[in-house]
Amino acid sequence: MTPDPIWGPVSGRRLGVLISGRGSNLQALIDAVADGRLDAVIGVVISNRDDATGLERARRAGIDAICLSHRGWPSRDDYDRALARELQQRGVDVVCLAGFMRVLGPEIIEAFSNRIINIHPSLLPSFPGVDAQRQAFEHGVKVAGVTVHLVTTELDGGPIILQRVVPVLDTDTVDVLSARILAEEHQAYVEALRILLEEPWTIEGRRFVRLANVGGASGVRPPAGN
Ligand code: GRF
């Protein structure tokens, strides 16, 4: 599939948000759409767990919210294909991972090439994987942060759209640091989506390049699948 560029003057792009739990980043997206900071529509929220509180947040906001359990499928690819189908059936343009505790494989990554984004609570490539805030705290770094990136088959390794730095204080505990990072996540996710949907950009190697910063978009074509 070679979709048209995701960025541009098209209004109301459809987001599909994948969650597994609390859903505070989902809430940040719901709020940003509701108050007009983000020109998009949340077309569906999908959780792999039926007890995810994020499902309730979505339903309260009148958003189609479903559970698609990862259990009982013959293979990981079968689950990914089913996920992709649910998203495609609802006309989703961009898939937002927001605390979705499953690694996505090529079946869905290729179906939404350069259109899946993730938020991770560290300055990648430091501290990929689970419990990133604790990893950073225990390592003793003086700055932690947030990364929003495109999703590829490399775990927490796709092109970085934006990063935000969060200080680590001597008085911090893991919980205090995590809360400071989370507050920054909520801003960063909205900003990254705005960039993705509204600004011209391209991928060079593993770099996400904002064309406005390098002399504008004129004459530059987005990569296939953008
Ligand atoms: C966030 O810290 C996010 O960065 C990570 O998972 C957590 C999800 O939190 N990928 P929430 O469900 O959005 O509150």
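Student: How do the residues of the shell around the ligand divide into nonpolar, polar and charged?

Tutor: Two are nonpolar, six are polar and two are charged. This is a predicted model, where local features need pLDDT of at least 70 and side-chain atom pairs count only at pLDDT 80 or more, while totals for chains, interfaces and linings use all residues. Numbering starts from 1 along each chain as its sequence is written, and side-chain values use heavy atoms, leaving out hydrogens and water.

Student: What makes a residue part of that shell, and which ones surround the ligand?

Tutor: One of its heavy atoms must lie within 4 Å of the ligand. The ligand is surrounded by Arg 22, Gly 23, Ser 24, Asn 25, Gly 99, Ile 119, His 120, Pro 121, Gln 133 and Glu 185. Ile 119 and Pro 121 count as nonpolar, Arg 22 and Glu 185 as charged. Helix H1 (24-34) and strand S5 (116-120) each supply at least two residues of the shell; helices (at least four residues) and strands (at least two) are DSSP runs.

Student: Why is the approach of Ser 24 to the ligand called a polar contact?

Tutor: The term asks for a pair of N or O atoms within 3.5 Å. An oxygen atom of the ligand is 2.5 Å from an N or O atom in the side chain of Ser 24, so the pair qualifies. Arg 22 qualifies too, with a side-chain N or O atom 2.5 Å from a ligand oxygen. For Asn 25, a polar backbone atom is 2.9 Å from an oxygen of the ligand, again inside the limit.

Student: How do you know that S8 and S9 pair?

Tutor: Pairing takes at least two DSSP bridges, and four join S8 (residues 201-204) to S9 (residues 207-210), so the antiparallel strands pair. Ile 203 stands opposite Phe 208 in S9. Two residues separate the strands of this hairpin, and Gly 205 in the turn has a positive phi of about 60°.

Student: What makes Asp 131 and Pro 125 worth a look?

Tutor: Most residues other than glycine have a negative phi, and most peptide bonds are trans. Asp 131, not a glycine, has a positive phi of about 60°. A cis bond, with omega about 15°, joins Leu 124 and Pro 125. Pro 125 is placed in the loop between S5 and helix H5 (132-139), and Asp 131 lies in the loop between S5 and H5.

Definitions and conventions:
A polar contact is a pair of N or O atoms within 3.5 Å; within protein, one must be able to donate a hydrogen and the other to accept it, and residues adjacent in sequence count only if both atoms are side-chain atoms.
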